[in-house]
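Before reading on, take a moment to look over the sequence and the model together. The paragraphs below go from the whole chain to one of its sheets, and then to the cores and a few single residues.

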Amino acid sequence: MPKAEISNEEVAERVGATPEWIERKTQIRTRRYAAPSEATSDLAVKAAHRALLGAGLLPEQIDYIIVSTSTGDSPSPPTSNLVQDALGADRAACFDLNVVCSGFVYGLALARGLLDLHPGRRALVVAADVYSRILDFTDRRTAVLFADGAGAAIVGPVPEPYGLIDVELGSHGEAHQLIRVEAGGSRMPASRETVESGGHYFRMNGRGVSEFVLEHVPPVLQRLVERAGLRLDQVDHFIPHQGNGNLMNDLVGRLRLDTARTHRTIDRFANMGSASVAVTLDHAAHDFRDGDIVLLVGFGGGISIGSCLLRWADPWSLRERELSPVANDSLST
């Protein structure tokens, strides 16, 4: 995580609001912004090092590096290649993934597919975003929500019944205008005019996004859980995208997920884009027990939804057993 902690008081002064208004509307108290010298790849590398250390792996043992970001260092080269170079993961194939706030879950799904084709290999999935560089602080309803951060996970083989159980991905291109950065691409290349008009800033229709999430996310999660032969009341831990604290409460209520523990980091770290689910998973993992069912969901620009179910494997219990055949995929965050 970036070191610079930014309080509501500081943001309130910039956007023309009060700290109390920010917390009431978002449940955010603080967030982190990257230092002026830090780019997305710098945050991604720090998260990757932590994940490798937790998994007891060296960079040269990684076969794939997937970096989820919508705020890459530059249009080219891919940010994943910069991460590879900084880590010294010379044997890894690398690519970037831009599904905005759904990206971490999409990355896990892609990693699982690659490992199904090549059993025994390992993938490093990193989610990193630096939104502080594209916020318009005259748009207080958006600027107060977003921050910078990175999280990472190693996906590799574990025995049944642990690991990723199933994934459910979906996209709604008809709603693409709800979340957007209009300038800087091939349709509206960067120019003096686009900079002066604020075309490079992040834009979001917050009300429209909330309505979309509450309508479309619950059916996705219901399909995923039912396909796995489970019920929502059998989920032990729920880790949603940390988009807005009030929206999370509404989503949990709509799902009737009273029996699961919903994990939140939005009060401390705000909305970190694709990094939100990854960072919250890392913080939540300390409360997981062997065999717990964990439900992840990300939703964001596109609009896209990415969800997955996993059965948590306690690392210490795995080390104590003599495990031979591997037939599934696990996470080490």
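Helices, in what follows, are DSSP runs of at least four residues and strands are DSSP runs of at least two, both numbered from the N terminus. With that in mind, a useful place to begin is a stretch named in a record: the UniProt annotation, from an unreviewed entry, assigns residues 226-312 to the domain "Beta-ketoacyl-[acyl-carrier-protein] synthase III C-terminal". In this model, which is predicted, the span 226-312 is 31% helix and 25% strand, and its end C-alpha atoms lie 19 Å apart.

Seen as a whole, the protein has twelve helices and 14 strands. The C-alpha trace spans about 60 × 45 × 35 Å along its principal axes. For 333 residues a compact globule would have a radius of gyration near 20 Å, and the 19 Å of the protein agrees with this. Buried residues make up 56% of the 333, and of the contacts with a separation of 6 or more, 76% are between residues 24 or more positions apart.

One sheet deserves a slow reading. It is an open sheet of five strands with mixed pairing, in the order E7-E13-E12-E10-E11. Its edges are strand E7 (163-171) and strand E11 (261-262), each of which pairs on one side only. Starting from the E7 edge, eight bridges join E7 to strand E13 (residues 304-311), and these two strands run antiparallel. The register can be followed through two bridge pairs, in which Gly 163 is partnered by Arg 311 and Gly 170 by Ile 305. On its other pairing, E13 is joined to E12 in the antiparallel sense, again over eight bridges, with Leu 295 and Leu 309 as one of the bridge pairs. E12 and E13 form a hairpin with three residues between the strands, where Gly 302 takes a positive phi near 140°. Seven of the eight residues of E13 are buried, so this strand is largely enclosed by the rest of the structure.

At the other end of the sheet, E10 and E11 run parallel and are joined by two bridges, and Phe 238 has Thr 262 in E11 as its bridge partner. In a regular strand, side chains alternate between the two faces of the sheet. Both faces of E10 are covered, since His 237 and Ile 239 on one side and Phe 238 and Pro 240 on the other are all buried. Two helices lie across strands of this sheet. Helix H8 (residues 206-227) lies across E7, strand E10 (237-240), strand E12 (293-300) and E13, running at about 35° to E13, while helix H11 (residues 275-284) lies across E10 and E12, at about 150° to E10.

Which residues have the most contacts inside the largest nonpolar core? That core has 54 residues, and those with the most contacts inside it are Val 217, Phe 238, Leu 251, Leu 257, Leu 295, Phe 299 and Leu 309. The elements giving two or more residues to this core are helix H1 (8-15), helix H2 (19-26), H8, helix H9 (245-255), E12 and E13, and H8 gives the most, with nine. Leu 257 illustrates how such contacts are made, touching Leu 232, Val 235, Phe 238 and Val 252 when residues up to four places away in sequence are not counted. A second, separate core has 28 residues, including Ile 66, Leu 115, Val 125 and Ile 239.

Val 125 leads on to strand E5 (residues 123-130), of which eight of the eight residues are buried, so that E5 is largely enclosed by the rest of the structure. Both of its faces are covered, with Ala 123, Val 125, Ala 127 and Asp 129 on one side and Leu 124, Val 126, Ala 128 and Val 130 on the other. Five bridges join E5 to strand E3 (residues 64-68), which runs parallel to it, and Ile 66 is partnered there by Val 125. E5 also pairs in the antiparallel sense with strand E6 (residues 148-158), over eight bridges, where Val 125 stands opposite Ala 153.

A final residue, Arg 14, is found in helix H1. Is Arg 14 buried, partly exposed or exposed? With a relative accessible area of 49%, Arg 14 is partly exposed, because a residue counts as exposed over 50% and as buried under 20%. The C-alpha atom of Arg 14 is separated by 27 Å from that of Ser 74, which is 60 residues apart from it along the chain.

Technical notes. Residues are numbered from 1 along each chain as its sequence is written. This is a predicted model: local features need pLDDT of at least 70, side-chain atom pairs count only at pLDDT 80 or more; totals for chains, interfaces and linings use all residues. Side-chain values use heavy atoms; hydrogens and water are left out. Two strands pair if DSSP finds at least two bridges between them. Contact means heavy atoms within 4.5 Å. Axes are lines fitted to C-alpha atoms, for helices over the stretch in contact, and angles run from 0 to 180 degrees between N-to-C directions. UniProt positions are given in the numbering used here, feature names are shortened, and annotations may be inferred rather than shown by experiment. A nonpolar core is a set of buried Ala, Val, Leu, Ile, Met, Phe, Trp, Tyr and Cys residues joined through side-chain atoms within 4.5 Å. Buried means under 20% relative accessible area, exposed over 50%, partly exposed in between (1.4 Å probe, protein chains only). The radius of gyration is taken over C-alpha atoms; the globule rule is 2.2 Å times the number of residues to the power 0.38.
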